[in-house]
Amino acid sequence: MSSHLVRSRLLPLLAKRRTGRRDLSLSATPAKEPLASSPAFVNDQTPSPPSPPPPPPPPSSSAAAPRSWGILKYGSIAAITAAIGTTAYASYAYSLDEVHHKANTLREKAKGPVGDDDSSSDKYNNLVYSTVAKVSVKAMDLYLDLRREIEDHIRGFTEPSSEKLLPDLLPQEQHVFTLVLDLNETLVYSDWKRDRGWRTFKRPGVDAFLEHLAKFYEIVVYSDQLSMYVDPVLERLDQKGCIRYRLSRAATKYVDGKHYRDLSKLNRDPSRVLYISGHALESSLQPENSVPIKPWKLENDDTALLDLIPFLEYVALHRPADIRPVLASYQGRDIASEFIERSKEHQKRMQQKQHGRFWKR
């Protein structure tokens, strides 16, 4: 019984020893466990402060390029605007000759001599001034050339095509007066209708007017219409060749949106020139040579051209030294009717003189 008790107590001890050996053998080759994240090992430690954000990267050359380009662009725009403004002011305030005179003055200053006794600072200042003056002179020369070309180009549209629109008179015709006639609403009238288009009508009495006065005058038609309109109309109107010369829009002077007849360019003595037009005072630069006539707009009973024949014939036969004072005496009156009244009064006076001489005899 005692041996049985001893065995029962020794068996659990032997079992415990065997189990301990097994555990030692297992721990000698431990299994590989997965690594945990770093916070699992520092759970018992104090957390560190968060790291500061990284500094922004320095601006690259590609980002600085648009800024430099913008500065250059706006600077160029400002410079060009200033140059245009200065050019516009110079063109408005000064004539071409005045700008040329100022350029010559600046050119002479740029050639100023430098004295040998001058200090180095004075010499340097003179050098800088002369350099700036030379650049300014070059710019002014460029401006003058450009302005001269532009004004010459504009003058081709605004000025008459020639300084002498008509050839010289023959020696045997130096005493002949020049009768300048407008075309539209003076000799003819052009009308447009939808059903027939453009049509041109002759003024009543125009054929007799031209044929009769061609014996006394050098007749010139001076129109503000284009030659492509003037030439075909006159070819049909003047089939007897009473009109010596034709002048169209290219021979007019363009002022403030309107074409004016410049009688001073006709190469004729202005004291022997008469200009007849339905808009004489508004269409000529020399109103003192104008003979106003009623504009014709298809009135069938119009006799204005025929009524002027006595006055024009009288002028051609008596040849006043200057026609302008004669026309000024008719200012504000109808020349045709006023001439008839003056003629009657003159005849009356002549009859009275003859009657007085008769009784004195």
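These legends accompany several close-up views of a predicted model.

**Figure 1. The protein chain as a whole, before we zoom in.** The secondary structure of this predicted chain amounts to 11 helices and nine strands. Of its 361 residues, 27% are buried. Among contacts with a separation of 6 or more, 70% link residues 24 or more positions apart. The views that follow pick out a helix pair, two serines, two loop residues with positive phi, and two places in another loop.

**Figure 2. Helix 6 packing against helix 9.** Here we look at helix 6, residues 206–213, beside helix 9, residues 304–318. Their axes lie 9 Å apart and make an angle of about 15 degrees. Because angles under 35 degrees count as roughly parallel, helix 6 is roughly parallel to helix 9. The crossing of the two helices is left-handed. From helix 6, the residues taking part are Val 206, Ala 208, Phe 209, His 212 and Leu 213. Helix 9 answers with Leu 305, Leu 306, Ile 309, Leu 312 and Glu 313. By type, the residues of this contact divide into eight nonpolar, one polar and one charged.

**Figure 3. Ser 290 and its surroundings in strand 9.** Ser 290 belongs to strand 9, which covers residues 290–292. Is Ser 290 buried or exposed? With a relative accessible area of 5%, Ser 290 is buried, because the cut-off for that label is under 20%. The side chain of Ser 290 reaches back to the backbone oxygen of Gln 286, at 3.4 Å. Once neighbours within four places in sequence are set aside, Ser 290 is in contact with Tyr 275, Ala 280, Leu 281, Ser 284 and Leu 327.

**Figure 4. Ser 271 in the loop between strand 7 and strand 8.** This serine sits in a loop, the one joining strand 7 and strand 8. Ser 271 is buried, at 7% relative accessible area. Which side chain does the side chain of Ser 271 meet in a polar contact? The partner is Asp 269, and the distance is 2.8 Å. Beyond four places in sequence, Ser 271 is in contact with Phe 177 and with a run of other residues: Ala 321, Asp 322, Ile 323 and Arg 324.

**Figure 5. Asn 267, a loop residue with positive phi.** Most residues other than glycine have a negative phi. Asn 267 is worth a look on that account, with a positive phi near 65 degrees. Asn 267 is found in the loop between strand 7 (258–260) and strand 8 (273–277). With a relative accessibility of 23%, Asn 267 counts as partly exposed. Asn 267 is also touched by Lys 164, a residue that we visit in Figure 7.

**Figure 6. Arg 319, in the loop after helix 9.** Arg 319 is not a glycine, yet its phi is positive, at about 50 degrees. Arg 319 is placed in the loop between helix 9 and helix 10 (323–328). How exposed is Arg 319? A relative accessibility of 44% makes Arg 319 partly exposed, because that label covers values between 20% and 50%.

**Figure 7. Lys 164 brought together with residues far along the chain.** Lys 164 lies in the loop between helix 5 (120–158) and strand 1 (177–181). Lys 164 is exposed, with 53% relative accessible area. Lys 164 and Ser 264 are 100 residues apart along the chain, while their C-alpha atoms are separated by 8.8 Å. Not counting residues up to four places away in sequence, Lys 164 touches Lys 265 and Asn 267.

**Figure 8. Ser 161, with partners further along the chain.** Ser 161 is placed in the loop between helix 5 and strand 1. Its relative accessibility of 57% counts as exposed, because the cut-off is over 50%. How far is Ser 161 from Arg 249 in space, C-alpha to C-alpha? The separation is 9.2 Å, although their positions lie 88 residues apart in sequence numbering. Ser 161 touches Ala 250 and Ala 251, leaving out residues up to four places away in sequence.

Key
Residues numbered from 1 in each chain as written. Predicted model: local features only at pLDDT ≥ 70, side-chain atom pairs only at ≥ 80, totals over all residues. Heavy atoms only, no water. Helix = DSSP H or I, 4+ residues; strand = E, 2+ residues; numbered from the N terminus. Buried < 20%, exposed > 50% of the residue type's maximum accessible area, 1.4 Å probe, protein only. Polar contact = N/O pair within 3.5 Å; in protein donor to acceptor, adjacent residues only side chain to side chain. Contact = heavy atoms within 4.5 Å. Axes fitted to C-alpha atoms, helices over the stretch in contact; angles between N-to-C directions. Parallel < 35°, antiparallel > 145°, perpendicular 65-115°, else oblique. Left-handed = near helix turned anticlockwise from the far one by under 90°. Nonpolar A, V, L, I, M, F, W, Y, C, P; charged D, E, K, R; others polar.
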